Amino acid sequence: MNFFTAEKQNEVAFSVSQLNRQIQNLLEASLPWVLVEGEISNLARPGSGHWYFSLKDSKAQIRCAMFNNRNNSVRFKPKDGDLVKLRAKVTFYGPRGDCQLTVESMESGGEGALQQAYERLKAQLEAEGLFKKEHKKPLPTTPERVAIITSPIGAAVRDMISAFKRRFPLTELTIIPSLVQGQGAAQNLTKQLIRMDASDHFDAIIIGRGGGSLEDLYSFNDETLARTIFNAKTPIISAVGHEVDFTIADFVADVRAATPTAAAELLSPDSDQLIRQIQTRENSLTLSFERQLQTQQQKLDHLIQRMRHPSERIQLQQDKLNQLERRMQQSMQALLNNHKVKLTHSDTRLSNASPAQTLKLKNQQLEDYQRRLSQALKQNLEQKAQTFASLVEKLNLVSPLQILSRGYAIASNEEGVVKTIAQTKKGEKLKVRIKDGELNCEVISKKKSN
């Protein structure tokens with residue numbers, strides 16, 4: 001049954017490209033040139049020389065493009081967070097359905113709101129003395145337990161874990177998941193930092209994330225977070241962004257790392273260098289013991305030469321000297337053995353923490369996952385087969401052919417299946433379908449049932 005009216009049937013449907021072209025014509029005709037003021041965000045300068053960025057305020061944003069034949073006349077170097085005034089043309093790119101501003105000229109409008117708030121808070125905390133060196137706590141030289149407060153899925157946490165495994169895999173790392181961007185991130189970071197510091201379990205805490213724009217990093221410019229870092233008992237390393245990125249957390253932390261990887265390197269001594277130091281100290285200790293032994297041997301020889309007393313006294317002194325020599329040798333040998341045992345133990349711990357051992361464990365886990373997946377797929381296929389068989393059986397129960405097998409028949413004429421006698425007329429030829437074939441019949445008479 002057709003429910004369309006005549007008016008709707010006569011309407012013409014636009015293609016997507018035609019509709020976008022119509023929008024473009026209307027938009028660009030009604031807004032040829034505009035003056036607009038806002039804050040720059042996500043500024044990009046590719047090798048083509050063009051500038052691409054977003055212009056935003058507290059409630060909205062719009063994409064902008066300023067081509068190199070226009071941006072050459074800009075008298076300052078814009079950056080993220082700058083407040084600017086643009087003269088631009090509203091354009092609409094049909095293939096993607098995107099609206100943007102094609103910028104003709106740009107003037108500085110002063111610092112953006114985020115940048116102004118950042119500078120005010122920085123000046124306030126600096127005046128209170130939160131950035132002074134005398135408040136900074138020293139970092140441990142070989143921390144055993146380190147907490148990392150960051151996003152668990154970003155590149156920053158992977159870089160830090162890799163640096164610790166490469167340099168000193170014996171360090172126990174605890175990843176504390178936290179929001180690092182957007183609404184609620186500053187509160188989440190503060191909560192996790194308070195919890196980790198109160199546990200008294202960690203020798204140091206790293207708090208940070210990868211680089212980004214001013215608004216991306218703004219969770220680390222929170223006043224409450226800054227004061228929490230300042231009041232923490234545990235040494236705090238701030239590892240936010242890249243080398244050029246500075247946040248309030250960087251200034252108030254005990255140490256500011258240029259990158260997350262640099263933070264991990266500050267807390268992870270080089271294992272190869274430690275082994276070399278142990279070997280150097282072992283060689284130095286051995287040499288010192290040998291010199292002491294030589295000195296004592298010379299003293300012993302001198303005393304033996306001076307002993308020109310009766311034989312009993314000489315023998316007694318000789319026995320004492322022999323005993324002292326044996327005890328000295330035993331003591332030095334025990335010390336040497338002790339240091340060798342410690343060195344062997346360190347080598348064993350480093351070997352157990354090797355990537356090969358970890359890879360073997362991961363391979364075993366992968367084989368287990370594959371076996372479990374195969375079993376699950378097999379069970380799922382069996383369940384689907386049973387369901388399919390059940391549906392086929394149900395379908396057969398309601399099949400017209402199944403009904404015919406019970407003695408029923410289906411009559412049809414040229415217009416289709418006959419459901420009422422009103423659809424037939426006297427003398428009309430009918431086809432009657434029964435279980436094992438079809439009958440050609442003629443309507444001789446009609447009688448309507450009650």
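**Cysteines, cavities and a few residues with a story**

C99 is partly exposed, with a relative accessible area of 32%. In this predicted model, the cysteine sulfur closest to that of C99 belongs to C64, and the gap between the two sulfurs is 9.8 Å. A disulfide would need the pair within 2.5 Å, so C99 and C64 are too far apart for a bond. The count for the whole structure is zero disulfides. Another cysteine, C441, also falls in the partly exposed class, here with a relative accessibility of 28%.

How far can the model be trusted along the chain? The average pLDDT of the protein is 84, and 94% of the residues reach at least 70. The stretch to treat with caution is residues 1-7, where pLDDT stays under 50. For that stretch the model has two contacts beyond four places in sequence.

Next come the empty spaces. The structure has one cavity of 30 Å³ or more, and the volume of the largest cavity comes out at about 40 Å³. Its walls are made by L130, H135, K136, K137, I229, F230, V252 and D254. By class, that lining splits into four nonpolar residues, one polar and three charged.

One of the lining residues, I229, can be followed further. I229 sits in helix α7, which runs over residues 223-231. With a relative accessibility of 1%, I229 is classed as buried, because the cut-off for that label is under 20%. Once neighbours within four places in sequence are set aside, the contacts of I229 are L193, I236, A249, V252 and A253. V252 therefore turns up twice, as a contact of I229 and, alongside I229, in the cavity lining. I229 also pairs up in space with D197: the two are 32 residues apart in sequence, while their C-alpha atoms are 9.4 Å apart.

T247 has a relative accessible area of 1% as well, and it is buried. T247 belongs to a loop, the one linking strand β9 (236-240) to helix α8 (248-252). What does T247 touch, beyond residues up to four places away in sequence? The partners are Y118, L217, F220, N221, S238 and V240.

As for open space, the second largest pocket holds about 430 Å³. It has 16 lining residues, and those nearest its centre are G212, S213, L214, V244 and D245. The lining as a whole mixes five nonpolar, six polar and five charged residues.

A charged side chain can be buried too, as K56 shows: its relative accessibility is 18%, which puts K56 in the buried class. K56 is part of strand β2, residues 51-56. Leaving out residues up to four places away in sequence, K56 is in touch with G38, E39, S41, Q61, L114 and E215. The acidic residues E39 and E215 are thus among the contacts of this lysine.

P269 is another buried residue, this time with a relative accessible area of 16%. P269 is placed in the loop that joins helix α9 (260-267) to helix α10 (271-306). Which residue is paired with P269 across 105 places in sequence? The partner is F164, with 8.8 Å between the two C-alpha atoms.

Finally, a look at the backbone. Most residues other than glycine have a negative phi. Two residues, neither of them glycine, go the other way here: N42 has a positive phi of about 55°, and D200 likewise has a positive phi of about 55°. Their settings are as follows. N42 is in a strand, β1, which covers residues 34-44. D200 is in a loop, between helix α6 (185-199) and strand β8 (204-209). Is each of them buried or exposed? N42 counts as partly exposed at 45% relative accessibility. D200, at 57%, counts as exposed, because that label starts over 50%.

Methods: Residues numbered from 1 in each chain as written. Predicted model: local features only at pLDDT ≥ 70, side-chain atom pairs only at ≥ 80, totals over all residues. Heavy atoms only, no water. pLDDT = per-residue confidence, 0-100. Contact = heavy atoms within 4.5 Å. Buried < 20%, exposed > 50% of the residue type's maximum accessible area, 1.4 Å probe, protein only. 1 Å grid on protein atoms, 1.4 Å probe; cavity = no way out; pocket = protein on both sides within 12 Å on 5 of 7 lines; lining within 4 Å. Points joined across faces, edges and corners; volume = space filled by probe spheres on them. Nonpolar A, V, L, I, M, F, W, Y, C, P; charged D, E, K, R; others polar. Helix = DSSP H or I, 4+ residues; strand = E, 2+ residues; numbered from the N terminus.
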